[in-house]
Amino acid sequence: MAANDLFKSGLSGVFRIVHISDLHFWHLPGNPLVWRGKRLLGLANLLLRRARKFRLEAAPQLVEEIHKDQPDHLVVSGDISTTSLNLEFQAFRQMFSDWLESSGKITLVAGNHDRYTRRVMREKLFEKTFSDILDPDSGSRIRLIQPGLGLATFDPCVPRPISARGFVDPFQLRLLEESIRSCDWSSLRALLFVCHYPAEVPLQHADHQKGHGLVGAEGILKVLQGVPVPICWLHGHIHHPWRFFSPSIPNLTYYNPGSPLLRRSQGISLGRWVLDWDGQRIHSEWRSLPAASAWFEASKE
Ligand SMILES: [Fe+2]
C-alpha cells in the first residue's frame with residue numbers, strides 16, 4: 001500500500017499528528033512475588049506518591065479530547081506504564097484500542113518505565129505486548145508516513161537499578177546513521193524523530209539531567225547533523241511540557257507534551273501537541289485543559 005493511501009485526513013489537505021507521552025498507567029499488584037528488586041522501590045513510590053499524582057480516572061477524558069482533535073496519527077513517546085506490569089500495558093491497550101486496532105494509526109516507543117526491570121527487558125515484555133503494532137525494523141529505516149514526511153524512532157531505554165538514565169547503544173546509532181545516509185532526502189521535507197528521551201533540555205531543567213539524562217546523546221546529535229530538513233524530536237520523560245529549539249542544531253526542535261494525567265496544583269493538563277503537516281511544513285499547537293494551560297516554551301517559533 002502506498003504511504004499516501006494509509007490515512008484519510010479528517011481535515012482537508014492536512015495530515016494531523018497528536019503527540020502524547022508519559023501516561024504512567026499504574027497498578028498495585030496483590031501478588032507479593034512481584035514486590036521485589038527495583039519494582040519494590042517503584043511500587044513503594046507508587047503507594048506514597050504516584051498513585052495520588054497520576055489520575056487514571058482522567059484517561060477516558062484524554063481519549064475523548066484526542067478524538068476531538070481528529071488525528072490521522074497518534075504518537076506515544078513512552079512511559080505508558082509505571083513498573084512495566086502486564087496489567088499496566090493492558091490498561092493502555094484497552095484505553096487506546098481505537099488507534100491500536102487500526103493498521104498504521106499509531107507510533108509507540110518504549111520509555112524507561114516500560115523496561116523497568118532486567119527481567120522485563122530480557123523477556124521483551126513490552127515488545128511482545130505490542131508486537132502487532134511495533135515495526136521490528138523501525139530503528140533502521142526512515143518510514144514515509146505521508147508524502148514528504150518521514151518518521152524515525154530510537155530506543156535508548158534500559159533498566160537501571162537506581163537512576164532513570166537512557167543509553168545510546170552504538171549499534172543502534174550506526175543503524176540510524178546508515179538510514180540517514182541512505183535516505184533519499186530529495187523526497188522529504190521534514191522528519192519526525194520519536195525517542196523517549198531528549199538529547200538536550202532547556203537550561204531551566206538542566207539539573208534534571210543528572211539522574212535522568214541520555215548517556216551518549218551527543219552521538220545522536222552528531223548523526224542528526226546530517227539531516228537536511230527540519231527535524232521534530234518528539235519525546236517525553238520530563239514531565240514539563242515544552243517546545244524547545246535545539247541550541248546545537250538549527251533545524252531541530254524538541255516537543256515534549258509533559259504528562260497529561262499528572263495532577264499539579266492547577267489540576268491535570270490533558271496536554272498534547274497537535275502537529276499539522278500541510279505537505280510542506282509542520283505547524284505545531286499546544287492543547288490542554290484551560291485551567292492548566294500554562295506551559296513552558298524556551299523560545300518562539
Ligand atoms: Fe521516562
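This is a short tutorial dialogue on reading strands, helices and one loop residue in a predicted model.

User: Let's start with the sheet. Which strands form the open sheet, and in what order?

Analyst: Strands of a sheet pair through backbone hydrogen bonds, either parallel or antiparallel. Here the open sheet has 5 strands, in the order S3-S2-S1-S14-S15. The pairing is mixed.

User: Which strands stand at the edges?

Analyst: Strand S3 (106–108) and S15 do. Each has a single partner strand, so one side of each lacks a neighbour in the sheet. On average, neighbouring strands of this sheet are turned by 20° against each other, direction ignored.

User: How do I read the pairing around S1? How many bridges join S1 to S14, and how many join S1 to S2?

Analyst: Take S14 first. S1 and S14 run antiparallel and are joined by 5 bridges. His-19 stands opposite Trp-273 in S14. Now S2, residues 73–76. S1 and S2 run parallel, with 4 bridges between them. Val-75 is the bridge partner of His-19 in S2, and Leu-74 in S2 stands opposite Val-18.

User: Which helix packs on the sheet?

Analyst: Helix H2, residues 59–69. H2 touches S1, S2, S14 and S15. Its direction makes about 160° with that of S1.

User: Where do the side chains of S1 point?

Analyst: In a regular strand the side chains alternate between the two faces of the sheet. In S1, Phe-15, Ile-17 and His-19 point one way. Arg-16, Val-18 and Ile-20 point the other way.

User: Are the residues of S1 buried or exposed?

Analyst: Buried: 6 of the 6 residues of S1 (residues 15–20) are, so the strand is largely enclosed by the rest of the structure.

User: What joins S14 to S15?

Analyst: A hairpin, with 4 residues between the strands. S14 (residues 272–277) and S15 (residues 282–287) run antiparallel, joined by 6 bridges. Trp-277 stands opposite Ile-282 in S15. In the turn, Gly-279 has a positive phi of about 100°.

User: On to helix packing. At what angle do the axes of H7 and H9 cross?

Analyst: Two packed helices are described by the angle between their axes and the distance between the axes. The axes of H7 (residues 170–182) and H9 (residues 217–224) cross at roughly 10° and come within 10 Å. That makes H7 roughly parallel to H9.

User: Which residues make the contact?

Analyst: H7 contributes Leu-173, Leu-176, Glu-177 and Ile-180. H9 contributes Gly-219, Ile-220 and Val-223. By class, the contact has 5 nonpolar, 1 polar and 1 charged residues.

User: Which residues of H9 are buried, and where do they lie around the axis?

Analyst: The buried residues of H9 are Ala-217, Ile-220 and Leu-224. They cover an arc of only 60° around the axis, which puts them on the same side of H9. The cover over these buried residues includes H7 and strands S8 (214–215), S9 (231–234) and S11 (252–256).

User: Last, a loop residue. Where is His-113, and is it buried or exposed?

Analyst: His-113 sits in the loop between S3 and helix H5 (118–122). To judge burial, count C-beta atoms inside 10 Å; 20 or more means buried. His-113 has 26 such neighbours, so it counts as buried.

User: What does His-113 contact beyond its neighbours in sequence?

Analyst: Leaving aside neighbours within four places in sequence, His-113 is in contact with His-24, Asp-79, Ser-81, Thr-82 and Ser-84. Ile-80 is 33 residues away along the chain, yet its C-alpha atom and that of His-113 are separated by 7.6 Å.

Definitions and conventions
Residues are numbered from 1 along each chain as its sequence is written. This is a predicted model: local features need pLDDT of at least 70, side-chain atom pairs count only at pLDDT 80 or more; totals for chains, interfaces and linings use all residues. Axes are lines fitted to C-alpha atoms, for helices over the stretch in contact, and angles run from 0 to 180 degrees between N-to-C directions. Helices (H or I, at least four residues) and strands (E, at least two) are DSSP runs, numbered from the N terminus. Angles under 35 degrees count as roughly parallel, over 145 as roughly antiparallel, 65 to 115 as roughly perpendicular and the rest as oblique. Two residues are in contact if their C-beta atoms, placed from the backbone, lie within 7 Å. Ala, Val, Leu, Ile, Met, Phe, Trp, Tyr, Cys and Pro count as nonpolar, Asp, Glu, Lys and Arg as charged, and the others, Gly among them, as polar. Two strands pair if DSSP finds at least two bridges between them. A residue is buried if 20 or more other C-beta atoms lie within 10 Å of its own, exposed if 12 or fewer, and partly exposed in between; C-beta atoms are placed from the backbone. The arc is that of the directions from the helix axis to the C-beta atoms.
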